[in-house]
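Visitor: I would like a close look at one part of this protein. Please take me through its packing and its surroundings.

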Amino acid sequence: MTNRKLEVLTPQNCQIIFIDQQPQMAFGVQSIDRQVLKNNVVALAKAAKVFNIPTVLTTVETESFSGNTFPELLDVFPGQDILERTSMNSWDDQKVRDALAANGKKKVVVSGLWTEVCNNTFALCAMLEGDYEIYMVADASGGTTKEAHDYAMQRMIQASVIPVTWQQVMLEWQRDWAHKDTYTAVMDIAKEHSGAYGIGVDYAYTMVHKAPSRQKSEHRTLAPVPAKVR
């Protein structure tokens, strides 16, 4: 019997769901720096767009509590339907179940807030009732405390959820740098969102390979002019 967990993620075998990436939910996050969280969520979304990963966006109590989905996330998927609900558990909304089923992929990559509530309940129920295989993006999700996030991750892992990080997912989708159709877009995401790795890529491109700097505006570099020393 094939062990599905040994299969790497590919653009053909998975879909992705973003759960409640909304301001009020982010306000409560203490397990990860919130700016880092937002960076990682948007980077993951951009990667999903590059590889044409079927995507589901869910929200909870937008008008009465949680606020609108991060605009940077919505802008990655113009025209995408947002699936609003009242339940803390996305699985409890039929629209979400129908969207996942319509995408036809049993591997589901998950990024959401909060880890210990919305992510946890969705993962367990989707596995139990929908026979989905869940890949939880730990650094594109957040909990109300580090302990809340960590123990929720542990609980899900014990239930066979597979923990991943956003860059791991993107590079698993890319798999081979010879895939030139996505190479440039992946490197653009890395340069913008991957911190030290992205800075290193910029350095290598400009200083080693002599590529032009990637900023869009024009600048002059003025030569040093030593001042007189008294």
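Guide: What follows starts at one strand residue and works outward to the cores, the aromatic pairs and the backbone.

The model is predicted. Start at Ile-162. It sits in strand E6, which covers residues 162-164. Is Ile-162 buried or exposed? Its relative accessible area is 15%, under the 20% cut-off, so Ile-162 counts as buried.

Now look at what surrounds Ile-162. Leaving aside residues up to four places away in sequence, Ile-162 touches Lys-5, Glu-133, Ile-134, Tyr-135 and Met-136. Take Tyr-135 from that list. It is 27 residues from Ile-162 along the chain, yet their C-alpha atoms are separated by 4.7 Å.

Next, the cores. The largest nonpolar core has 35 residues. Which of them touch the most other members? They are Ile-16, Phe-18, Leu-44, Phe-77, Val-109 and Trp-173. Several elements each supply at least two residues of this core: strand E1 (14-19), helix H1 (23-27), helix H2 (34-50), strand E5 (133-137), E6, helix H8 (166-174) and helix H9 (180-193). Strand E6, the home of Ile-162, is thus on the list of contributors. Helix H2 gives the largest share, seven residues.

Phe-18 shows the packing in detail. Beyond residues up to four places away in sequence, Phe-18 touches Val-41, Leu-44, Ala-45, Thr-55, Val-56, Leu-57, Thr-58, Leu-73, Phe-77 and Ser-111. Two of these partners, Leu-44 and Phe-77, are named with Phe-18 among the core residues that touch the most other members. There is also a second, separate core. It holds 21 residues, including Ile-17, Leu-100, Phe-122 and Val-161.

Turn to the aromatic rings. The whole structure has four aromatic pairs. One of them joins Phe-51 and Trp-173. Their ring centres are 5.9 Å apart and their planes meet at 50°, so this pair is tilted. Where do the two residues lie? Phe-51 is in the loop between H2 and strand E2 (55-60), and Trp-173 is in helix H8. The pair therefore ties together parts that are 122 residues apart in sequence. Both partners are covered: Phe-51 is buried at a relative accessible area of 7%, and Trp-173 is buried at 3%. Trp-173 also appears among the core residues that touch the most other members.

Another pair joins Trp-91 and Tyr-132. Here the ring centres are 6.0 Å apart and the planes stand at 75°, so the pair is edge-to-face. Trp-91 lies in the loop between strand E3 (82-85) and helix H5 (94-103). Tyr-132 lies in the loop between helix H6 (115-130) and E5. This pair ties together parts that are 41 residues apart in sequence. Trp-91 is buried, with 5% relative accessibility. Tyr-132 is buried too, with 8%.

Now the backbone. Most residues other than glycine have a negative phi, and most peptide bonds are trans. Which residues does a cis peptide bond join? Leu-113 and Trp-114 share that bond, with omega at about -10°. Trp-114 is in the loop between strand E4 (107-112) and H6.

Two residues deserve a look for their phi angles. Asn-52 is not a glycine, but its phi is positive, at about 55°. It lies in the loop between H2 and E2, the loop that also holds Phe-51. The two residues contrast in exposure. Asn-52 is exposed, with a relative accessible area of 64%, whereas Phe-51 is buried. Lys-210 also has a positive phi, near 60°. It falls in the segment after helix H10 (196-208). At 62% relative accessibility, Lys-210 is exposed.

Finally, step back to the chain. It has ten helices and six strands. Its C-alpha trace spans about 75 × 45 × 35 Å along the principal axes. Of its 230 residues, 44% are buried. Among contacts with a separation of 6 or more, 79% are between residues 24 or more positions apart. The accessible surface comes to about 12,600 Å², and carbon and sulfur atoms account for 55% of it. The chain carries 23 positive and 26 negative charges, and their mean positions are 9 Å apart.

Technical notes: Residues numbered from 1 in each chain as written. Predicted model: local features only at pLDDT ≥ 70, side-chain atom pairs only at ≥ 80, totals over all residues. Heavy atoms only, no water. Helix = DSSP H or I, 4+ residues; strand = E, 2+ residues; numbered from the N terminus. Buried < 20%, exposed > 50% of the residue type's maximum accessible area, 1.4 Å probe, protein only. Contact = heavy atoms within 4.5 Å. Core = buried A, V, L, I, M, F, W, Y, C linked by side-chain atoms within 4.5 Å. Areas by Shrake-Rupley, 256 points an atom, 1.4 Å probe, with all protein chains shown as cover. Lys, Arg positive; Asp, Glu negative; His and termini not counted. Charge placed at Lys NZ, Arg CZ, Asp CG, Glu CD. Phe/Tyr/Trp six-rings, centres within 6.5 Å; stacked < 30°, edge-to-face > 60°.
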